[in-house]
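Got your viewer open and your selection tool ready? Let's take a walk through this model, one stop at a time.

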Amino acid sequence: MSYSHSLSVDSSLKGKQVFITGVTGFLGKAIVEKILREVPSVGKVHILVRGSARQSAYERCMEGVFQSSIFDVLKSTHGNQFQQLIDQKVHIVEGELTEPLFGLNPTNFALLGSKLDLIINSAASVNFRENLDQALKINTLCLNNIISLANYNSHEEAVTSVLQVSTCYVNGMNQGEMLEKVARPCSGLIPEIDHDTYEIKPLIQLFQTKIEAIKNRFPDANKQEQKLIQLGIQQSRHYGWNDTYTLTKWLGEQLLIQGLGKKNLTILRPSIIESTVFSPVQGWVEGVKVADAMIYAYAKGRVSIFPGDTKGILDVIPVDLVANAAILASAQLLQHAPENNQQAYNIYQCCSGRLNPISLEHFIEHFQQASLEQFEDLPKLFAGKPQEMFTIVSQKKFALYMKMFTTFTWLKTSLARLAGSKSAGKHLLKIQTTTSLAMIFGFYSAPRYRFDSLQLEGLKTLFSLEEQKAFEVSANSYDWKNYLRDIHLPGLHKYGLADKRKPSTPEKESHEKRQAA
Ligand SMILES: NC(=O)c1ccc[n+]([C@@H]2O[C@H](COP(=O)([O-])OP(=O)(O)OC[C@H]3O[C@@H](n4cnc5c(N)ncnc54)[C@H](OP(=O)(O)O)[C@@H]3O)[C@@H](O)[C@H]2O)c1
């Protein structure tokens, strides 16, 4: 490994045309903000945004992206020149990731492709239990569009560099040390074609046949949705993943590796992304993310016991470190591209398990203590002083406890109803919340794997010390106690639970229509 400081973010991205998807989302915003703030020499940032029936892509962006508090620092630096900066550096492309050519006409698609130096694909459905049809379209098949776009490179025989944001959890149900390599499906049921490539085409076809059969058999939209969710989970477990999200993200990695012929491709896998630790402000987070769903439910008194492994490493990583990793990896991809057209590709895992591991037990300890100290200062989060300790038990004990608690609640509810009261409603809500959270996140709280990030550490050393600091990627740069208690929890209260109106998405609108019907 070379330590020659041979790479530079500034010179690699200078004048470059970068296409980014997923910018209305959590990570996408952090990447765009950091580029605009720290890499002013970038040529243009083209962002793909869906329009909706209520708002054009431009309106969604102005409201849902640039009004976000993550841009406050940039706004205060640029004052009334902020809008000028956006107009000068950002080009909004209205498009739907899953439509052929993003729904653009072929001329515009080709024109866009011919301009680009780099594509960063951050868009995804991060719903662990997404229906298989949707998840396959968004996390896997839309990568065919990314491949087509990359192939419009203006240099003969070259493809535009692609940075694919994936997830550490593509490692599925494999156990032990998870290296920055292609993940081998642990079921052994997907045949290997060659080194690092697997037979995904027949598998995708099989899924599509099953999806069509369900669509034909269950015309009712709600029933169909439930069946497609179940299908996703069944197939994921069968082939070696916990959920539909991680299976379809793994398929996405494969599709890109095979479709781009390994040229100029980097896969960046974050673990569980949480609030910023350093910049632009500490604690910025959007909405209630994975681990926060549990924190939120506990704060509201809706969960106090959870299945898990107290000694397991809970792998959480701040979003600014992930955005920085995306930028360093992009700079590496762009160095000498497209001439280099490398035949191998890089995989980087942006995670905390190697450099700064924290066990579930310690994570909860910090959080528990912070809850008791800060509940009065965080009223949007806490309903009051936490009444119970958050307890982690084995899956077996959890099942037993839930059985007893359900019986007790059923008896209490029946007696209360006889007496004309509804006082047991709180317990019923607790059972529902705990059961549903355990079903979705149980796998993540009982980790039998640890993610490695040696390659990413190596990448960092290729940049100057100044850029290593400006684009920090290492999880040992902060202390967990300080992060969880003084940064993340207050950040979740201040930013995650802020009352900002979120722009509607095409999916939300069609869901609303379905509900109305
Ligand atoms: N969050 C995590 O903890 C985590 C952990 C590991 C890896 N990752 C990866 O990081 C990336 C970003 O995740 P995130 O947390 O930022 O997700 P997010 O907040 O849910 O954002 C998802 C983005 O994808 C866009 N998108 C979804 N479907 C689309 C479509 N059909 N056409 C166009 N855009 C579409 C969304 O746009 P709309 O606003 O139009 O819906 C949104 O901008 C993903 O690739 C994810 O797999 C996330």
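How many residues surround the ligand, and which are the closest? Select the ligand and its shell: you should get 27 residues around it. The closest are Thr-24, Gly-25, Leu-97, Ala-123 and Ala-124. Before going on, keep in mind that this is a predicted model.

**Stop 1: the shell around the ligand**

Color the shell by residue class. You'll find 13 nonpolar, ten polar and four charged residues. Now switch on the secondary structure and look for α2, residues 26–38, and β10, residues 272–274; each supplies at least two residues of the shell. The largest share comes from α2, which gives three residues.

**Stop 2: the two domains**

Give each domain its own color. Domain 1 covers 1–267 + 335–343, and domain 2 covers 278–314 + 355–449 + 479–517. Where does the ligand sit relative to domain 1 and domain 2? Both domains give residues to the shell, so the ligand's surroundings lie between them.

Place a marker at the C-alpha centre of each domain, and the two markers will be 29 Å apart. Next, pick out the contact: 23 residues of domain 1 are in contact with 17 residues of domain 2. On the domain 1 side, the elements that give two or more residues are α2, α3 (57–65) and β6 (176–178). By class, that side of domain 1 has seven nonpolar, nine polar and seven charged residues. So far α2 has turned up in the ligand shell and on the side of domain 1 that touches domain 2.

**Stop 3: α2 against α13**

Stay with α2 and add helix α13, residues 319–334. The two helices pack at an angle of about 60 degrees, with their axes 9 Å apart. α2 and α13 are therefore oblique to each other, and their crossing is right-handed. To see the contact, show side chains for Phe-26, Leu-27, Ala-30, Ile-31, Lys-34 and Ile-35 of α2. Across from them, on α13, select Val-319, Asp-320, Val-322, Ala-323, Asn-324, Ala-326 and Ile-327. The class coloring gives ten nonpolar, one polar and two charged residues in this contact.

**Stop 4: α9 against α10**

Now hide those and bring up α9 (residues 201–217) with α10 (residues 221–239). Their axes come within 10 Å and cross at roughly 155 degrees. That makes α9 roughly antiparallel to α10. This crossing is right-handed too. Which residues of α9 and α10 make the contact? From α9, pick Phe-207, Lys-210, Ile-211, Ile-214 and Lys-215; from α10, pick Gln-224, Lys-227, Leu-228, Leu-231 and Gln-235. By class, these divide into five nonpolar, two polar and three charged.

**Stop 5: two backbone details**

Most residues other than glycine have a negative phi, and most peptide bonds are trans. Here are two spots to check with that in mind.

First, zoom in on Ser-279 and Pro-280, which are joined by a cis peptide bond with an omega of about 5 degrees. Pro-280 is in the loop between β10 and α12 (290–299). You met β10 earlier, as a supplier of residues to the ligand shell.

Then jump to Leu-101. Leu-101 is not a glycine, yet its phi is positive, at about 55 degrees. You'll find Leu-101 in the loop between β3 (90–94) and α6 (106–115).

Technical notes:
Residues are numbered from 1 along each chain as its sequence is written. This is a predicted model: local features need pLDDT of at least 70, side-chain atom pairs count only at pLDDT 80 or more; totals for chains, interfaces and linings use all residues. Axes are lines fitted to C-alpha atoms, for helices over the stretch in contact, and angles run from 0 to 180 degrees between N-to-C directions. Helices (H or I, at least four residues) and strands (E, at least two) are DSSP runs, numbered from the N terminus. Angles under 35 degrees count as roughly parallel, over 145 as roughly antiparallel, 65 to 115 as roughly perpendicular and the rest as oblique. A crossing is left-handed if the near helix is turned anticlockwise from the far one by less than a right angle, and right-handed if clockwise. Two residues are in contact if their C-beta atoms, placed from the backbone, lie within 7 Å. Ala, Val, Leu, Ile, Met, Phe, Trp, Tyr, Cys and Pro count as nonpolar, Asp, Glu, Lys and Arg as charged, and the others, Gly among them, as polar. A residue is near a molecule or strand if its C-beta atom, placed from the backbone, lies within 6 Å of it. Domain bounds come from an automatic or database domain assignment.
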